[in-house]
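Hi everyone, thanks for making time today. I'd like to walk you through a structure that may be new to you, so please have a look at it first.

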Amino acid sequence: MKKRFKSKKKIKLKSIFVFVLAIVITLFSFSIIKRLDPLFLLTQDYRLFTINFNRDDFLLKSGFKIIDEIEEEKPVFNELPTEVQQVRKKIYIYNTHQQEKYADYDVLSAAKKLKDELYNYGIDVIVEETNITEEVKKNNYTYSQSYRVTKSLMSNHLNEDISLFIDLHRDSSAKNITTASVDGVDYAKMMFVVGGSHENYMNNYRVSEEINKMIKNRNNSISRGLLLRKNSSFNQEVDSRVILIELGGPYNTKEEVENSLKVLAGSIYDYLEE
């Protein structure tokens, strides 16, 4: 009786196993089960049951994409070399009369602010921070001879692929002459000064004229135009890229000056991109 009971139990377990196997075969198909021992089918001895499960086949049938190797992320190369792509225009700004001041500002601070504004347009700027006033005193130069100091400093950068040399000044005119109000915003007006004492002055004049045109395109009210001084050179004999800008006057505020510097920076960008 005991022996007969064990036999029935074994038959029941085998039947359950065969049922489960049938479900497995139905779900995964014979393409997944690569090798099934024929003796198992005849004897139903689970010890003879072997399956070679192909993982890749199973994943493919389940909708996955099989990738043999994980490729490393490759850098994207642009058509031009990096050093060519990253070439930026460069400008050199200096203040021959570094001691010139506004109501609550000064020309050296204005030069640094212009640098920041130009950088927003992708233009690199060198601002000359040498104490020019001290250099003038050291060499016993007069006020008008300050250009000797800045000429020497500027000349050190002539071979650096500089696009523009800007000598930034402050005019001495009254506020009603140096100030413009546009749509409720006050600006310090700008004027270009060209030295006509050298034979190539018209080249400097053309550069100043082009930038002035860009300023007028952006804000016609803040340009005072161009002034030609026939008996002066303002270092412009050194290179046609040297320009002199008179920005505002002694009564203009920091805010007025900086409002104009934003326009000037955009205008210089327009000129360089033309």
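**A walk through the chain**

Let's begin with a pair of side chains: lysine 113 and glutamate 117 meet in a salt bridge, with N to O at 3.3 Å. Before I go on, please keep in mind that this is a predicted model. Both partners sit in helix 5, residues 107-119, and they are four residues apart, about one turn of the helix. How exposed is each one? Lysine 113 is partly exposed, because its relative accessibility is 22%. Glutamate 117 has a relative accessible area of 10%, so this residue counts as buried.

Now let's step back for the overall picture. The protein chain has 10 helices and eight strands. There are 274 residues in the chain, and 36% of them are buried. The accessible surface is about 17,300 Å², and carbon and sulfur atoms account for 50% of that. What about contacts along the sequence? If we take contacts between residues at least 6 apart, 75% of them join residues at least 24 apart.

Back to salt bridges, then. How many are there in total? The count comes to 10. One of them is formed by lysine 175 and glutamate 256, whose closest N and O atoms are 3.2 Å apart. This pair links distant parts of the chain: lysine 175 belongs to helix 8, residues 175-178, while glutamate 256 belongs to helix 10, and their positions lie 81 residues apart in the sense that they are 81 residues apart. Lysine 175 is partly exposed, because its relative accessibility is 31%. Glutamate 256, on the other hand, has a relative accessible area of 7%, so this residue is buried.

Let's stay around here for a moment and look at threonine 179, which lies in strand 4, residues 179-182. Its side chain reaches the backbone oxygen of lysine 175 at 2.8 Å. The side chain of threonine 179 also makes a polar contact of 2.9 Å with the side chain of asparagine 252. Which residues does threonine 179 touch, once we set aside neighbours within four places in sequence? They are Tyr187, Lys189, Asn252 and Glu256. Glu256, you'll remember, is the salt-bridge partner of lysine 175.

Next stop, helix 9. Helix 9 runs over residues 201-218, which is 18 residues, and spans 26 Å from its first C-alpha to its last, close to the 26 Å expected at 1.5 Å a residue. Which residues of helix 9 are buried? They are Asn204, Val207, Ser208, Ile211, Asn212, Met214 and Ile215. Looking down the axis of helix 9, we find these buried residues within an arc of 155 degrees, so they line one face of the helix. And what covers them? The cover includes strand 3 (164-169), strand 6 (190-195), strand 7 (223-229), strand 8 (242-247) and helix 10 (254-273).

Helix 9 has a salt bridge of its own, between glutamate 210 and lysine 213, with the closest N and O atoms 3.3 Å apart. These two are three residues apart in helix 9, about one turn of the helix. Glutamate 210 is partly exposed, because its relative accessibility is 24%. Lysine 213 is partly exposed as well, with a relative accessible area of 38%.

In the loop between strand 6 and helix 9 we find histidine 198. Buried or exposed? Histidine 198 is buried, because its relative accessible area is 11%. Apart from neighbours within four places in sequence, histidine 198 is in contact with Asn204, Ser233, Gln236 and Glu237. Asn204 is one of the buried residues of helix 9 that we just met.

My last stop is aspartate 171, in the loop between strand 3 and helix 8. Aspartate 171 has a relative accessible area of 11%, so this residue is buried. Its side chain makes a polar contact of 2.9 Å with the side chain of serine 173, and another of 2.7 Å with the side chain of arginine 224. Aspartate 171 and glutamate 246 are 75 residues apart along the chain, yet their C-alpha atoms are separated by 5.3 Å. Beyond residues up to four places away in sequence, aspartate 171 touches Met191, Arg224, Glu246, Leu247, Gly248, Gly249 and Pro250.

That's the tour. Thanks for listening, and I'm happy to go back to any stop.

Conventions: Residues are numbered from 1 along each chain as its sequence is written. This is a predicted model: local features need pLDDT of at least 70, side-chain atom pairs count only at pLDDT 80 or more; totals for chains, interfaces and linings use all residues. Side-chain values use heavy atoms; hydrogens and water are left out. Buried means under 20% relative accessible area, exposed over 50%, partly exposed in between (1.4 Å probe, protein chains only). Contact means heavy atoms within 4.5 Å. Accessible areas come from the Shrake-Rupley method with a 1.4 Å probe; for residues, only the protein chains shown count as cover. The expected span of a helix is 1.5 Å times one less than its number of residues. The arc is that of the directions from the helix axis to the C-beta atoms. A salt bridge is a side-chain nitrogen of Lys or Arg within 4 Å of a carboxyl oxygen of Asp or Glu. A polar contact is a pair of N or O atoms within 3.5 Å; within protein, one must be able to donate a hydrogen and the other to accept it, and residues adjacent in sequence count only if both atoms are side-chain atoms.
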